[in-house]
Amino acid sequence: MSIISSVAPRSGRTTELILLLGAVGIVGLAYVNLGLATSGTLPPGLVAVGVGYLAVSLAFHVVLRWKAKYADPLILPIVTLLNGLGLVMIHRVDIARGREIADGVALRQLMWSALAVAIATAVLFALRDHRLLRRYTWIAGVAGFALLLLPLMPIIGNSEYGSRIWIRLGPLSFQPGEVAKLLLAAFFAGYLVQTRDALSLAGRRILGLTLPRARDLGPILIAWLASLSVLVFERDLGSSLLFFGLFVAMLYVATERVSWIAIGMGLFVAGAYLAYLTFGHVQTRVLLWLHTFSPEALQTSDQLAKGLMGMAAGGMIGTGIGRGRPDLTYLAESDFIVPSFGEELGMIGLFAILALYALLVERGLRTSLGTRDGFGKLLAAGLSFSMALQCFVVVGGVTRVIPLTGLTMPFMSAGGSSLLANWTLVAILLRISDHARRPVPDAQETSAVGAAHTQVVRLP
Amino acid sequence: MMSELTLTVLRLGLLVVLWGFVFAVVGVLRGDLYGTRVNRRSSNTPARGTPALPAGGARRGRTGRPPKQPRTARKNPTRLVVTAGPLAGTTLPLRPAGTLIGRSPECALVLDDDYASGRHCRVFEGENGTWMVEDLRSTNGTYLGATRLTEPREVAAGSVLRIGQTMLELQR
């Protein structure tokens with residue numbers, strides 16, 4: 001027997017501040033460890049870098065206190081820690097490659113991080129209610145698909161490492177798929193919140209599954225074709241899986257129908273198998289996945305094998321930061337940053353990092369449960385699911401659970417577009433969670449209209 | 001040699017603080033059911049409020065304390081205390097929007113009483129800041145003192161309501 005009574009809602013900002021200081025402290029400890037392990041002295045500019053990182057994260061914290069008082073207190077510390085650990089590891093690979101700090105990847109990543117935090121702050125300022133995004137449902141959809149297919153354009157599209165997922169404008173190169181992820185999540189949320197009744201109610205029941213009507217299959221078929229075209233023309237299994245998985249998951253969240261997942265997975269497996277039979281580059285990926293250590297595979301690429309060997313060398317507790325050889329693996333600072341951590345922090349450290357990602361996704365899904373409007377629920381669920389799926393694709397790729405593809409680990413991998421997109425994603429999640437946790441104003445305090453049967457939605 | 005030891009301590013310490021951070025986050029997560037507080041009670045817990053008193057101005061003893069709300073003086077109750085019945089010991093704050101009492105889960109006070117109706121009665125703030133209690137056409141009736149309610153009646157701190165086997169008292 002228990003009784004549940006309400007207490008005054010807590011904003012949790014002080015908890016956030018304490019955890020934030022802890023996160024910056026851990027990043028500092030890792031940086032000190034790196035300096036002592038590689039050169040035997042404290043790293044140069046420790047105070048400057050540490051104070052700078054602390055200042056940026058505290059600035060974000062202050063903006064949250066000001067603009068989103070009831071936002072979830074755990075998201076910011078987790079993201080700060082992941083971003084900082086990523087910076088330390090990128091710097092570590094820089095040192096191993098003999099790059100100076102001034103022209104290293106780490107400095108660029110640090111500047112991108114600061115820019116990403118600035119943009120996330122701007123999003124918190126500009127977007128005072130996430131429901132405003134619903135107005136731009138179709139614009140977001142068109143822009144999202146356009147960005148997704150932009151790398152196929154003849155002049156700006158750019159093919160690197162076998163995947164055509166970059167665009168290049170002069171000296172700047174950008175991976176538009178990361179931003180497309182946000183736009184498509186907003187589009188799917190707006191679209192599904194309108195159409196979910198038709199998608200969830202109509203249909204026949206066959207073998208325990210309620211199958212949708214044939215004419216309701218249109219959207220999922222379009223999403224399937226789009227993701228297949230990404231797979232075939234951009235040669236990128238990761239983005240393709242990410243977008244189709246995002247759509248199917250949001251469809252499931254919106255309709256509660258398991259049959260959508262069955263249909264979606266069936267379509268994806270069939271499409272991927274067809275692509276495997278037809279296209280050579282898909283066959284290479286599968287060969288690298290299934291027979292990583294065979295001579296033919298090693299001739300093509302030994303990246304995956306080296307990553308696995310690195311993690312094996314790390315063992316349980318790792319070699320310690322600065323004492324492994326993660327730089328032997330190609331792209332150890334971006335796509336293969338997870339094996340780099342596995343080598344230097346060991347399985348124990350890598351699992352802590354994965355636990356942090358799991359907690360981050362949990363906070364997103366909790367936000368989705370807590371928020372009161374359908375659009376916000378779908379958007380929060382979609383954004384956090386996309387992050388979870390991205391982590392699965394990356395970690396699954398480097399550990400040979402699925403074929404390796406070129407996605408970035410959110411917040412950790414070197415790459416400006418990924419940082420910008422993921423910090424913006426976090427800003428939107430924080431905005432939704434502020435809405436979800438903000439106490440409901442008492443009906444009588446607002447106005448007499450509030451007592452009537454209609455619900456009054458007051459936009460700030 | 002010394003530096004090798006320092007390094008080992010640092011690198012193991014890093015793993016420890018990393019997991020410490022994870023557990024700190026999980027510790028915060030335990031308070032995830034924000035907005036609610038769950039009180040577990042055994043049936044023989046004594047009432048935390050004072051024992052039931054007959055209706056009337058029994059709570060005048062605290063006049064030494066300055067009144068918190070000057071406008072509504074001393075008589076105004078702020079909380080509802082269950083003094084007898086299966087839920088004895090429960091308190092809940094009164095809300096101006098109204099506090100619904102009954103067995104239905106939608107009620108603010110969900111009674112575990114076989115003689116209570118789903119939506120039994122309601123305590124709400126009437127005009128000019130007084131508190132009213134209204135019977136919502138319950139089967140077994142709501143009693144204010146010894147009289148069964150037929151229409152909304154004004155209540156004050158110290159009023160005792162009876163619903164089935166449950167006694168409720170309004171307190172300041």
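Let me begin with a definition: two strands are said to pair if DSSP finds at least two bridges between them. Helices (H or I, at least four residues) and strands (E, at least two) are DSSP runs, numbered from the N terminus.

A word on the model before us. This is a predicted model, in which local features need pLDDT of at least 70 and side-chain atom pairs count only at pLDDT 80 or more, while totals for chains, interfaces and linings use all residues. Residues are numbered from 1 along each chain as its sequence is written, and chains are lettered from A and ligands numbered from 1 in the order in which they are written.

I turn to chain B and its sheets. In chain B, 6 strands make an open sheet with antiparallel pairing, in the order 3-2-12-11-8-9. The edges are taken by strand 3 (91-93) and strand 9 (147-148) of chain B; each has a single partner strand, so one side of each lacks a neighbour in the sheet. At one of these edges, strand 2 (residues 79-84) of chain B runs antiparallel to strand 3 of chain B, joined by 3 bridges. Leu80(B) has Leu92(B), in strand 3 of chain B, as its bridge partner.

Another open sheet in chain B has 5 strands, mixed pairing and the order 5-4-6-7-10. Strand 5 (109-110) and strand 10 of chain B are at its edges with a single partner strand each, so one side of each is left without a neighbour in the sheet. Strand 4 (residues 99-102) and strand 6 of chain B pair in the antiparallel sense over 3 bridges, and Ile101(B) has Cys121(B) of strand 6 as its bridge partner.

Which strand forms a hairpin with strand 6 of chain B? Strand 7 of chain B does, with 5 residues between the two, and Asn128(B) in the turn has a positive phi of about 40°. Strand 6 (residues 121-125) and strand 7 of chain B are antiparallel over 5 bridges; Phe124(B) is matched there with its bridge partner Met132(B). Strand 7 of chain B also pairs with strand 10 (residues 153-155) of chain B, in the antiparallel sense over 3 bridges, where Val133(B) has Arg153(B) as bridge partner.

In a regular strand the side chains alternate between the two faces of the sheet. In strand 7 (residues 131-135) of chain B, Trp131(B), Val133(B) and Asp135(B) lie on a covered face, whereas Met132(B) and Glu134(B) lie on an uncovered one.

Now to chain A, which has 16 helices and 6 strands. A residue is buried if 20 or more other C-beta atoms lie within 10 Å of its own, exposed if 12 or fewer, and partly exposed in between, with C-beta atoms placed from the backbone. Of the 460 residues in chain A, 48% are buried.

Helix 1 (residues 13-38) of chain A has 26 residues and reaches 37 Å from first C-alpha to last, close to the expected 38 Å; the expected span is 1.5 Å times one less than the number of residues. Just after this helix, Gly40(A) takes a positive phi of about 80°.

Finally, helix 4 of chain A. Its buried residues include Ala106(A), Leu110(A), Val117(A) and Leu124(A). The buried residues cover an arc of only 120° around the axis, which puts them on the same side of helix 4 of chain A; the arc is that of the directions from the helix axis to the C-beta atoms. Met111(A) and Ala126(A), on the other side of helix 4 of chain A, are exposed.
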